[in-house]
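Please open the model in a viewer and keep the selection panel at hand. The tour below proceeds by successive selections.

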Amino acid sequence: MNELRSKVKALLGSSEIDLFVGYEQGTRLPRPLLAASAEDADKLIFDERCTGNLAVYLTRKDLMGGKKAGIAASYYALRSICRLIDENQLQDGATKIFALTPQGALTSLETIADVKQLLQETPAPAKQVEDAWVQEVEEMPAAERWKFWTGELAKCFKCYACRAACPMCYCTRCIVEVNRPQWLQPWAATLSNMEWQINRVMHMAGRCADCGACGAACPLGLPVHIIAHKMVQMVRQHFGEPADKGATLSTFDPSDKENFIR
Amino acid sequence: MELKYIPKTSLKPWLEKVREGGKQIYAPVAENGKTSFKRVKSVDEISMEHVQTAQSAKGIAFPRTEKLFSYAKQQGDVALQDYDPGSLPNTLVFGLHPCDAAAFKPLSGIFNWDTGDKPFNERMQRVVMVSLSCSKCDPFCFCTSVGGSPGSAEGSDILLTAVGSDGYLVEVATDKGKALTEPHAALFEAPPDVNREELLARVPAKFSVDEVERKIAGAFESDVWKKQSARCIGCGACAFVCPACACFDIQENARGAAAGDRIRCWDSCGFSLFTLHTSGHNPRETQSWRWRQRLLHKFCYMPRRLAARGCTGCGRCSRACPVDMNLAEHLSELEKLKT
């Protein structure tokens, strides 16, 4: 912890960065801290409790515009950072990335190659709860499954915390807010809530880091992250690990198993 | 205020009789670890053990989605069908805590600021509130810092306070409340001699809200807004769970070009689109400006214009926030602001 604090202070002091996206102790759990001074940096913490995906802040123009940033990246934040670089939302090498090795040591990563190397060496956190949930829902007969999803999504009031918490939802104008034509009804109602979640997750195909931030953010505790988790499973099953193949749904591959692409 | 007692064994028979008398019951129901207000089919569904429901009770008067009117084009003319209050149910809101009951005052202040809002007022006329004092709280509760208390009857027609596990003190605060108890007088007893304060949760005061108002009134240009809001991700969770937030959007449910409904739905001043003009200009361009608006509106503009604060200390915003924007913590910091 002290190591990170002193490194961040040095980076801020030498103006190598203007802002550091890290964690501080929150009310119950660690919470995001955007440190801009040595005084802020003294509040930084970084350990196994720091699992929130802070990559969401790296594309925020009002915070980052013209600034050089550093970040304390959890496993899933590292995956999101790789995608953001692949999608030209971040410049490779421009962000000072700190991460924890599988042994819990602090390490600094300069380029996307370093990030990918660490991701390869680090076992992915288990997703037993999500796996079990997906399996349980899949085993439901269609009518029961419909009842489950309509029951859950009827409660959604469209606060868009799922969208706001997602590092890959960086569009400046979201499809739900386009009104000419209006693709989705913007008010809360069971069917339009389902349309919203299906659209949100479809846009994540091959891009989602599977961090679960969408579900963790939901103030009503709706299991919207398991839709994304299922999508990740399907993409893996049909297209393999997306990590080194670019964006699954926008990459042309003549050897694709589908005929329509040729 | 009339004081009575109802044994626990008589509570459900009382509610059942109220229901048979033609009122729907809107009450907290526990489901998968969360408690939410619902129209209950049976009084057995009602939960009274929670500290706080995920959502407030405001939806009973200000639903998340409401049809304001419908229209249909007919041979060069337009037929309008105005808001129809006739189909609104009479409802007993049961088991809301004092922080939720108190929030109908600021809501009513907003919906009656100028022209009275028909849907809100029609719904309120059909609602009677039987609240439940808080016998427990959690670290997010701060009603006592914003003029409330775990045993306040403000906004309630009847306030129940648990006496041990056998029954409830019944404070009948309004005529609407009287109309609920008098026809069923046999179910009620004389109140026991208890110290009411000892039955309530102890909610420590965290800041002086008058001092907060005084400080922020002169802090429009302060850097504090930027600093506090840096981690805010700009979702609407805080506004949508808030019992006193009243921002709304107007939308069109068009059925082709010939007919449609005008819809009112919840909105949030924290959304970047909220103040975006057609020209592209946005007077609240950054999240820090939107955070400043949220706090000034609740703790400065509303008390001065509507004689009601936009916060009752329920703590829902802080429990719901994905990035732990703890409101009481932020207000405590603002109280100490150097001017």
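The stops that follow go from whole chains to domains, sheets and helix pairs. Please note at the outset that this is a predicted model.

**Stop 1: chain B as a whole**

Select chain B and display it as a cartoon; 11 helices and 11 strands should appear. The radius of gyration of chain B is 22 Å, close to the 20 Å that the globule rule gives for 339 residues, so chain B is as compact as a globular protein of that length. Along the principal axes, the C-alpha trace of chain B extends over about 65 × 65 × 40 Å.

**Stop 2: the two domains of chain B**

Colour residues 1-63 + 74-204 of chain B as domain 1, and residues 206-339 as domain 2. Between the C-alpha centres of these two domains of chain B the distance is 25 Å. Next, select the contact between them: domain 1 of chain B contributes 27 residues and domain 2 of chain B contributes 22 residues. On the domain 1 side, α2 (98-102) and α3 (104-111) of chain B each provide at least two residues. Which helix gives the largest share of that side? The answer is α3(B), with 6 residues. Coloured by class, the side of domain 1 of chain B that touches domain 2 shows 17 nonpolar, 7 polar and 3 charged residues.

**Stop 3: a sheet in chain B**

Select β5, β4, β11 and β10 of chain B, which form an open sheet of 4 strands in the order β5-β4-β11-β10, with antiparallel pairing. β5 (77-81) and β10 (248-255) of chain B are at the edges, and each has a single partner strand, so one side of each lacks a neighbour in the sheet. From one strand to the next, the twist of this sheet averages 25 degrees. Now restrict the selection to residues 65-74 and 259-266 of chain B: these are strands β4 and β11, which run antiparallel and are joined by 7 bridges. Within this pair, B:T65 faces B:C265 of β11(B).

**Stop 4: a helix crossing in chain B**

Select α6 (residues 209-217) and α9 (residues 287-306) of chain B. Their axes come within 10 Å and cross at roughly 100 degrees; α6(B) and α9(B) are therefore roughly perpendicular to each other. Show side chains for B:V209, B:V212, B:E213, B:I216 and B:A217 on α6(B), and for B:L295, B:L296, B:F299, B:C300 and B:P303 on α9(B), which make the contact. How many residues of this contact are nonpolar, polar and charged? The contact of α6(B) with α9(B) has 9 nonpolar, no polar and 1 charged residues.

**Stop 5: the two domains of chain A**

Move to chain A, where the assignment gives domain 1 (2-121) and domain 2 (128-250). The C-alpha centres of these domains of chain A are separated by 26 Å. Their contact involves 13 residues of domain 1 of chain A and 11 residues of domain 2 of chain A. The domain 1 side of this contact in chain A comprises 5 nonpolar, 5 polar and 3 charged residues.

**Stop 6: a sheet in chain A and its helices**

Select β1 to β5 of chain A. They form an open sheet of 5 strands in the order β2-β1-β3-β4-β5, with mixed pairing. The edge strands are β2 and β5 (106-109) of chain A, each paired on one side only. The twist here averages 25 degrees from one strand to the next. β1 (residues 19-25) and β3 (residues 69-72) of chain A run parallel and are joined by 3 bridges; in β3(A), A:G70 is opposite A:F20. Add helix α1 (residues 2-13) of chain A, which packs on the sheet and touches β1, β2, β3, β4 (96-100) and β5 of chain A; the direction of α1 makes about 175 degrees with that of β3(A). Add also helix α5 (residues 112-121) of chain A, which packs on the sheet against β4 and β5 of chain A, at about 140 degrees to the direction of β5(A).

**Stop 7: a helix crossing in chain A**

Select α7 (residues 142-154) and α9 (residues 190-202) of chain A, whose axes come within 9 Å and cross at roughly 95 degrees. α7(A) and α9(A) are therefore roughly perpendicular to each other. The contact of α7(A) with α9(A) has 4 nonpolar, 4 polar and no charged residues.

Technical notes: Residues are numbered from 1 along each chain as its sequence is written. Chains are lettered from A and ligands numbered from 1 in the order in which they are written. This is a predicted model: local features need pLDDT of at least 70, side-chain atom pairs count only at pLDDT 80 or more; totals for chains, interfaces and linings use all residues. Domain bounds come from an automatic or database domain assignment. Two residues are in contact if their C-beta atoms, placed from the backbone, lie within 7 Å. Ala, Val, Leu, Ile, Met, Phe, Trp, Tyr, Cys and Pro count as nonpolar, Asp, Glu, Lys and Arg as charged, and the others, Gly among them, as polar. Two strands pair if DSSP finds at least two bridges between them. Axes are lines fitted to C-alpha atoms, for helices over the stretch in contact, and angles run from 0 to 180 degrees between N-to-C directions. Angles under 35 degrees count as roughly parallel, over 145 as roughly antiparallel, 65 to 115 as roughly perpendicular and the rest as oblique. The radius of gyration is taken over C-alpha atoms; the globule rule is 2.2 Å times the number of residues to the power 0.38.
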